[in-house]
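Hi,

Here's the structure I said I'd pass on to you. Have a look at it first, and then read on for what turned up.

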Amino acid sequence: VERTCGGLVRHGGFDGFATNDALQPHYSHKPSDSAAGDVEALPLQLSTQIRMDALAAVTRLSVGHFSRAFKVSYGEPPTLYVMRKRVSLAQQLMLTTEEPLCQIAACCGLADQSHLSKLFRRYIGTSPLAWRKQNRTL
């Protein structure tokens, strides 16, 4: 396994969006004509800082309009959506690599292992280490 984030992400089979039913948007309402556009088409690189003004520019909307349209379409603000995707990517990496949690946190665009642990407990309900031990089958 490469020690770079790109290597970890490739090794984990991550193609830009992790799929995990537990981390899908809360609402099933996704209007096809939404001003926020199709979130799957947005250039989210979870290992880097994601700026809302850049995402809004892709959709040719102001930041405020993009944020409101995104929330209407997906039931949560774009920042929360990105955090949930980062946790989902961390889950993938924990299952498919031997990397320490501090490295996984960095590869998911999080400040440090503490940040990963805080978000993980919020969205999954347990610590990353406990979850990894419980779900790992390598």
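Starting with the outside: the chain has an accessible surface of about 7600 Å², and carbon and sulfur atoms account for 51% of that. Bear in mind as you read that this is a predicted model. As for the inside, 43% of the chain's 138 residues count as buried.

The fold is easy to describe. There are seven helices and zero strands, so if you read along the sequence you get α-α-α-α-α-α-α. Contacts reach far along the chain, too: taking those with a separation of 6 or more, 69% are between residues 24 or more positions apart.

One helix pair is worth pulling up on your screen. Look for H4, which covers residues 78-96, and H7, which covers residues 128-135. Their axes come within 10 Å and cross at roughly 50°. That angle falls between the 35 degrees under which a pair counts as roughly parallel and the 65 degrees where roughly perpendicular begins, so H4 and H7 are oblique to each other. The crossing of H4 past H7 is right-handed.

Which residues make the contact? On the H4 side they are Gln91, Leu93, Met94 and Leu95, and H7 brings in Pro128, Trp131, Arg132 and Asn135. Sorted by character, the residues where H4 meets H7 come out as five nonpolar, two polar and one charged. The charged one is Arg132, while Gln91 and Asn135 are the polar pair.

Happy to go through it together whenever suits you.

Cheers

Technical notes: Residues numbered from 1 in each chain as written. Predicted model: local features only at pLDDT ≥ 70, side-chain atom pairs only at ≥ 80, totals over all residues. Heavy atoms only, no water. Axes fitted to C-alpha atoms, helices over the stretch in contact; angles between N-to-C directions. Helix = DSSP H or I, 4+ residues; strand = E, 2+ residues; numbered from the N terminus. Parallel < 35°, antiparallel > 145°, perpendicular 65-115°, else oblique. Left-handed = near helix turned anticlockwise from the far one by under 90°. Contact = heavy atoms within 4.5 Å. Buried < 20%, exposed > 50% of the residue type's maximum accessible area, 1.4 Å probe, protein only. Areas by Shrake-Rupley, 256 points an atom, 1.4 Å probe, with all protein chains shown as cover.
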